[in-house]
Amino acid sequence: MATAYGTKIPLTNVERIEVLKGPQGTLFGRNAAGGLINIITKDPQQDPEFTGRVAYGNYDTVEGSAYLTTGITENIAANLAVTYFDRGDGFGRNIHTGNPTYLTRDYSLRSKVKFTPSDRTTFVLAGDYTHFRTGEGESRQFFPDVVGLDQTTTYSGDYYGATGSIDTVLWGYAWGVSGHLTQEFDAFDVKSITAYRRAKANQLIDNDFTTLDLAVVDYHGAFKTFTQELQVTSKPDSPIKWIAGLFYLNDTSGFDTPKGISLFGPVFGTNVAVRNAIKTRSYAAFGEVTVPLGEATNITAGGRYTIDKRKLYGDTLIFDPSATYDAPGDPLLALPTETRKKTYKQATYRLILDHHFAEDVMGYASYSRGFKAGNFNSIAPTDA
């Protein structure tokens, strides 16, 4: 998942979680410079199963979840996971507006359909949708003896109390679809993974934390990602285990038009709306092989070659100095951003030696080389 906003997905159907340290690029299509958390959800089963949970707590909090799986036909099964969370009464209060803080409401749906037309062919179609709205993090407060930008506002004495002129809130949605096709052959297996994701996030922030509109940020982010991965792997019972693959990513992330990210207030000097976006295209080939050295020792070697292409484009709108974030009016000027491009190419690798001292005791040593492509600053496009 290419954006943090797209990862706000409560899951009730987790099968297992894998945490991998260090650079990863030979077992997963996308280059991961600092390790990764791989969450594997349950595949549908033919045998019917249902689990559910409903709870009510303080601050008028209602939450619930459900998971259902069943067979539809002899070779088709499906599942559905649903979550809901609503904190109806915040555990803080904006002292200036009088409104409660830390209100949260979100819900999510996730489903898979598994089709097995033969013993050697499996296709899994997955889809998910999440909607979120939260004020968590809005009650950022001054420490004692610190004065705000209005030279008046100070610490309210309440840890959960906010003093902003507006109530900060973050809301948005994310959804995605993916298809996993696995075909088994006598000598190897082939897997194709195709995925498309979209997310939008909006946030209104009182950036000066005072009762005056000195610095208001109105953020509108948009993200869309397409990935295609092809894997060829050894058979599970092969003494020498190997994987080879190709990976492609096409991602566009930036500020959603027409508002983009708006900066209004005298602190910023000028009322502006930045509407830049960054397009990323990534191409990679990777492979890894594990060879046994005796019955208890293995040596693994993997390599990857990555090409990442970045492109920055967009524009900046200038508004009247007297304009406000909620009524900006027409812009006085539109300044196109100079389109900037950069290509990064890098070969990476890793080596691992592991030894099984007992059935449930294994030690290993590894050495990995990672790579992280550079990027542009979409708010200040002259910065690389």
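Where is the place of Tyr59? Tyr59 sits in the loop between β3 and β4. Please keep in mind that this is a predicted model.

**The hairpin around Tyr59**

Let's start with the two strands on either side of that loop. Strand β3 covers residues 49-57 and strand β4 covers residues 61-73, and the two pair in the antiparallel sense over nine bridges. If you want a pair to look for on screen, try Thr51, whose bridge partner in β4 is Tyr67. Three residues lie between the strands of this hairpin, and Tyr59 takes a positive phi there, near 60 degrees.

**Two tyrosines with positive phi**

Most residues other than glycine have a negative phi. Tyr59 has a positive value without being a glycine, and Tyr102 also has a positive phi although it is not a glycine. Tyr102 is found in the loop between β7 (100-101) and β8 (104-118). Here are the two residues side by side:

| Residue | Phi | Relative accessible area |
|---|---|---|
| Tyr59 | near 60 degrees | 38% |
| Tyr102 | about 65 degrees | 14% |

Tyr59 counts as partly exposed because its relative accessible area is 38%, which falls between the 20% and 50% cut-offs. Tyr102 is buried, because its 14% is under 20%.

**A positive patch on the surface**

Further along the chain, Arg281, Lys309, Lys311, Lys341 and Lys345 form a positive surface patch. Strands β18 (297-313) and β21 (340-358) each supply at least two residues of the positive patch. Lys341 has its place in strand β21. With a relative accessible area of 64%, Lys341 is exposed.

Definitions and conventions:
Residues numbered from 1 in each chain as written. Predicted model: local features only at pLDDT ≥ 70, side-chain atom pairs only at ≥ 80, totals over all residues. Heavy atoms only, no water. Pairing = 2+ DSSP bridges. Helix = DSSP H or I, 4+ residues; strand = E, 2+ residues; numbered from the N terminus. Buried < 20%, exposed > 50% of the residue type's maximum accessible area, 1.4 Å probe, protein only. Patch = residues over 30% accessible without salt bridge, like charges linked within 9 Å, V, L, I, M, F, W, Y side chains within 5 Å. Areas by Shrake-Rupley, 256 points an atom, 1.4 Å probe, with all protein chains shown as cover. Salt bridge = Lys/Arg side-chain N within 4 Å of Asp/Glu carboxyl O. Lys, Arg positive; Asp, Glu negative; His and termini not counted. Charge placed at Lys NZ, Arg CZ, Asp CG, Glu CD.
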